[in-house]
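Please work through the exercises that accompany the structure shown here. Each task is followed by a solution in steps.

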Amino acid sequence: MALGHEVGNLGHYPVVVSTWPFVEAVRAAWRAIESGFSAVDAVVEGCSACEELRCDGTVGPGGSPDENGETTLDALVMNGATMEVGAVAAMKYVKDGIKAARLVMQHTGHTLLVGEQASAFAISMGLPGPTNLSSSESVQKWSKWKENRCQPNFWKNIVPVDSCGPYHPKDIAELGKGTCSSANLMAAVESRSSHIGLHNHDTISMAVIDKEGHIAVGTSTNGATYKIPGRVGDGPIAGSSSYADDEVGACGATGDGDIMMRFLPCYQVVESMRLGMEPKLAAQDAIKRIARKFPDFVGAVFAINKNGLHAGACHGWTFQYSVRSPGSGGCGGIHCLPLK
């Protein structure tokens, strides 16, 4: 097992923290904070910058095609002062995921809108669209995947196995044959690692503490590459990809969202800090809870308390997060080291 180690004890704010070395996104959020904007506005500015830059090809339009070759967006914003959340999922035709999420929070009594209805809402509220979210790169990537008989993919217990479908459930009798050994269960878990990694399965998750000490978080992603159409990952799920509470602090997460959302790691991190855990221990505890059940999962979290102390933990890959605070001026990172 690998866990990250604490790199910062700030003790003051404002602070901007983001998954990965998305330095331009952090700078955009920092400029907003320096100009007197709120934590929520700064998060939106930061995540919007990443969407425009198409960070790692996993944020914003033009990346991560689904099985039909389409790119869809998931995004979330959360206000830690009011506990309001706005989110969109599986959104087509609108390139501004995080801005759409903020519109849900500002102008509806809902938390999450999905699919083409989310797109229609965003366009009706003034965001540009409809827009084709595919790019030449995403179309080429999808075409090569089709030529490879749609491998790898996210289907299981189906036939035919080595084709592009249509798929059908295996016969119930066939599924019932043999014994359900722990080795078989682990094989099912381990098979996920072949198509989950930094450049096909990632999120920007950002936390901001503004000059008033208010906290907000946001996430944006175009999801898992070659996902089954309609799939929603952890990005728009409050408590999974991110969570914030002014009274405690915040958390951001990235990785295998289908696994991580079952554990609500960011809610766990914030509640652990509420009970007195330091960010480092809270982050490690959340990752350990997942790794005990899914030893092969890939993911990471960062934690920051209301005083600006931040830390991170990861499993299955090398993780780095970026930090900007008064006097830092740059990017602080962690790398996963074996837990002893």
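The exercises below concern disulfides, the sheet, the nonpolar cores, one helix and some backbone features of this predicted model.

**Exercise 1. Disulfides**

Determine how many disulfides the model holds and describe the geometry of each.

*Solution.*

Step 1. The criterion is a pair of cysteine sulfur atoms within 2.5 Å. By this rule there are three disulfides.

Step 2. The sulfur atoms of Cys-50 and Cys-55 are 2.2 Å apart. The torsion about their S-S bond is about -120°, so this disulfide is left-handed. Cys-50 is buried at 0% relative accessibility, and Cys-55 is buried at 10%.

Step 3. In the disulfide of Cys-150 and Cys-164, the sulfur atoms lie 1.9 Å apart. Here the S-S torsion is about 100°, so the link is right-handed. Cys-150 belongs to the loop between helix 5 and strand 7, and Cys-164 to the loop between strand 7 and strand 8 (168-169), so the pair ties together parts 14 residues apart in sequence. Cys-150 is buried, with a relative accessible area of 2%, whereas Cys-164 is partly exposed at 32%.

Step 4. Cys-251 and Cys-266 form a disulfide with a sulfur separation of 2.3 Å. The torsion of -65° about the S-S bond makes the link left-handed. The pair connects strand 12, which holds Cys-251, to helix 9, which holds Cys-266, across 15 residues. Cys-251 is buried at 0% relative accessibility, and Cys-266 is buried at 0% as well.

**Exercise 2. A cysteine without a bond**

Explain why Cys-47 is too far from the closest cysteine sulfur for a bond.

*Solution.*

Step 1. The closest cysteine sulfur to that of Cys-47 is in Cys-50, at 7.2 Å.

Step 2. A disulfide requires a separation within 2.5 Å, so the distance of 7.2 Å is too far for a bond.

Step 3. Cys-47 is buried, at 0% relative accessibility.

**Exercise 3. The sheet and its helices**

State the strand order of the seven-stranded open sheet, then identify what packs on it.

*Solution.*

Step 1. The order is 6-5-4-10-9-3-15, with mixed pairing. Strand 6 (112-114) and strand 15 (321-324) are the edge strands, each pairing on one side only. On average, neighbouring strands are turned by 10° against each other, direction ignored.

Step 2. Strand 3 (residues 15-19) and strand 9 (residues 204-209) run antiparallel and are joined by four bridges. Within this pairing, Val-15 stands opposite Ile-209.

Step 3. Helix 1 (residues 23-34) packs on the sheet and touches strand 3, strand 9 and strand 15. The direction of helix 1 makes about 25° with that of strand 9.

Step 4. Helix 3 (residues 97-107) lies across strand 4 (73-79), strand 5, strand 6 and strand 10 (215-221). Helix 3 runs at about 135° to strand 5.

**Exercise 4. Nonpolar cores**

Identify the residues of the largest nonpolar core that touch the most other members.

*Solution.*

Step 1. In soluble globular proteins, nonpolar side chains tend to be buried together.

Step 2. The largest core has 80 residues, of which Val-77, Ile-204, Met-206, Val-208, Val-269, Phe-297 and Val-301 touch the most other members. Helix 2 (residues 39-53) gives the most to this core, with seven residues.

Step 3. Another core lies apart from the largest one; it has five residues, among them Trp-145, Cys-150, Tyr-167 and Tyr-226.

**Exercise 5. Helix 9**

Is helix 9 largely enclosed by the rest of the structure, or largely exposed?

*Solution.*

Step 1. Residues count as buried under 20% relative accessible area. Seven of the 10 residues of helix 9 are buried, so the helix is largely enclosed by the rest of the structure.

Step 2. The buried residues are Pro-265, Cys-266, Val-269, Val-270, Glu-271, Ser-272 and Met-273. Their packing partners include strand 11 (242-245), strand 12 (249-255) and helix 10 (279-293).

Step 3. Gly-276 follows helix 9 and has a positive phi, near 115°.

**Exercise 6. Backbone features**

Locate the cis peptide bonds that join Gly-129 to Pro-130 and Gln-151 to Pro-152.

*Solution.*

Step 1. The bond between Gly-129 and Pro-130 has an omega of about 0°. Pro-130 is in the loop between helix 4 (115-124) and helix 5 (136-147).

Step 2. For Gln-151 and Pro-152, omega is about -5°. Pro-152 lies in the loop between helix 5 and strand 7 (158-159).

Terms used. Residues numbered from 1 in each chain as written. Predicted model: local features only at pLDDT ≥ 70, side-chain atom pairs only at ≥ 80, totals over all residues. Heavy atoms only, no water. Helix = DSSP H or I, 4+ residues; strand = E, 2+ residues; numbered from the N terminus. Core = buried A, V, L, I, M, F, W, Y, C linked by side-chain atoms within 4.5 Å. Buried < 20%, exposed > 50% of the residue type's maximum accessible area, 1.4 Å probe, protein only. Contact = heavy atoms within 4.5 Å. Pairing = 2+ DSSP bridges. Axes fitted to C-alpha atoms, helices over the stretch in contact; angles between N-to-C directions.
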